[in-house]
Amino acid sequence: MSSNARNPFDSFLKTKGPNRSDYESYSSKGFFSYPPNGTEFQTGYLGIGPSTVSGRFHLRYPKNCSINISKINLALKGGESFGYKLDSAQTVNNNFFESNIVLWSSESYDNNNNHDNNREQVSELDLRFTFKLDDDLPPSFTYNNIANNFSTCGVIYLLEATIYNNNNVHKVIRCICPITRWSLPNLVEQPESLIRPKYNNRRWNNLTNFGVGNGRSGNEIEDIIYDAKLENKIYNMGSTLNLSISLILPPTFTSSIKEVQLGIKEYQILQDSGYSVHLTKYKVSNSVYKGKEFIKEAIVDEKDGSIKENRYLLDLELEIPKYDIIPDFDFENTRALNHVKLEHQLKVKIKFGIFKSLILKGEILIKKSLSEKKLALAIKNGMIYETTPTIINEFDDFQ
């Protein structure tokens, strides 16, 4: 090829679209691109406003290798997927969404170009497409290493182009199409009290090494009076969680706080058809505080000067990750999923010694929502469904 010759794949290299790794079935002669100035297929805010998937499908064959094409179909499909460790291919189960369009046909091409029966071979096509997303679709997400039998599972959406030639032989080009679901910011406080799990009992906390047999009850951890309540149980990705805990320790409790661990665990749950449950825990956020950082107060008996109780006040803070976390969504108001569930849990571990800890837990929800400024702009531009006056008034200053 001379230096002035046109490379038929130049447009592919310059087009903004998915990476090669996003294609489950790939060909350099057919590929997808994002909408102009876009960085993804999805536009709009699914869950709180209308949302679409749009872009272009490109066909590129060298002029001397043009082919006779009868039709190009395009489908957007959504379902629960499983990737087996021994097989890299995705197995899709529970197809809950599919939308199909005829992207191109030889009949319409001939009619528009007045070729009648003298059809020209096709070598280059740039075809636009748009799919409207149903409001109740769940978002894309992936679990990793949930069970021994699976390497990945979750919800996957695919753009699937099927190219038919005149002999009805077809070729499929399949690309992953990530879908994001959004929530409105939480404007109403929903307090959540932390509780002690059942396993935080006497098994480790009442060992004789910690006072049993020396005139103590052996129930020191159980005798701790605590108050731990979150102002909200709903948090946005990237926000800050604040937690205050007050502790009242009995006078026989002589140990001081050594360390406090505050963290979030993501519970990824897979249910098989036989109702067995596989569960994986991922620590998605964690903070560690040393005991000297907390306020301690000894309450003294006025009569004899003995210590009646020891009190602690713990002010804790935790950053919710912006990325690398799967946001919660309303399973009840989205299409039914047969196999996957998701939970987030806040855990506090207050350590008084190697085997002497108070554990507190509470369920929290981590949402993907717009910032106040972006929400106000989206409302102004009609990108959000009709909302309550309370929400609109909250963001009048940004309009």
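In this predicted model, E160 and R174 form a salt bridge whose closest N and O atoms are 2.8 Å apart. The pair links distant parts of the chain, with E160 in strand β9 (residues 150–165) and R174 in strand β10 (residues 170–176), 14 residues apart. The two partners sit in unlike surroundings by their accessibility values: E160 counts as buried because its relative accessibility is 12%, under the 20% limit, while R174 is partly exposed at 23%. The link between E160 and R174 is also part of a wider arrangement, since salt bridges that share partners join K77, E160 and R174 into one network.

The structure holds 8 salt bridges, and two others are worth a visit. In one of them, D136 pairs with R335, and the closest N and O atoms are 3.0 Å apart. D136 lies in the loop between β7 (124–132) and β8 (141–144), and R335 in the loop between β18 and β19, so this salt bridge ties together parts that are 199 residues apart in sequence. Both ends are partly exposed: D136 has a relative accessible area of 29%, and R335 comes in at 22%. The other salt bridge is formed by K290 and E259, again with 3.0 Å between the closest N and O atoms. Here the partners belong to strands, K290 to β16 (residues 277–290) and E259 to β15 (residues 259–271), so the pair ties together parts that are 31 residues apart in sequence. K290 counts as partly exposed, at 41% relative accessibility, whereas E259 counts as buried, at 15%.

Not every acidic side chain finds such a partner. D328, found in the loop between β18 (307–319) and β19 (340–353), is buried yet has no salt bridge. Why does D328 lack a salt bridge? The nearest side chain of opposite charge, K367, is 6.4 Å away, and a salt bridge needs a nitrogen within 4 Å of a carboxyl oxygen, so the pair does not qualify. The side chain of D328 does make a polar contact with the side chain of H344, at 2.6 Å. Leaving aside neighbours within four places in sequence, D328 is in contact with L342, E343 and H344, as well as with I364, L365, I366 and K367.

Attention now turns to a sheet. Five strands form an open sheet in the order β11-β12-β14-β18-β17, with antiparallel pairing. Its edge strands are β11 (192–193) and β17 (295–300), each of which pairs on one side only. Strand β11 is joined by 2 bridges to β12 (residues 225–230), and the two strands run antiparallel. Within this pairing, E192 stands opposite L230 in β12.

The last element considered is helix α4 (residues 372–380), in which L375, A376, A378 and I379 are buried. These residues lie on the same side of α4 because they cover an arc of only 160 degrees around the axis. A general rule helps in reading this pattern: an α-helix has 3.6 residues a turn, so residues three or four places apart point the same way. On the face of α4 turned away from the buried side are the exposed residues K373, K374 and K380. After α4 comes G382, whose phi is positive, near 70 degrees.

How values were computed. Residues are numbered from 1 along each chain as its sequence is written. This is a predicted model: local features need pLDDT of at least 70, side-chain atom pairs count only at pLDDT 80 or more; totals for chains, interfaces and linings use all residues. Side-chain values use heavy atoms; hydrogens and water are left out. Buried means under 20% relative accessible area, exposed over 50%, partly exposed in between (1.4 Å probe, protein chains only). Helices (H or I, at least four residues) and strands (E, at least two) are DSSP runs, numbered from the N terminus. The arc is that of the directions from the helix axis to the C-beta atoms. Lys and Arg count as positive and Asp and Glu as negative; His and the chain ends are not counted. A polar contact is a pair of N or O atoms within 3.5 Å; within protein, one must be able to donate a hydrogen and the other to accept it, and residues adjacent in sequence count only if both atoms are side-chain atoms. Contact means heavy atoms within 4.5 Å. Two strands pair if DSSP finds at least two bridges between them.
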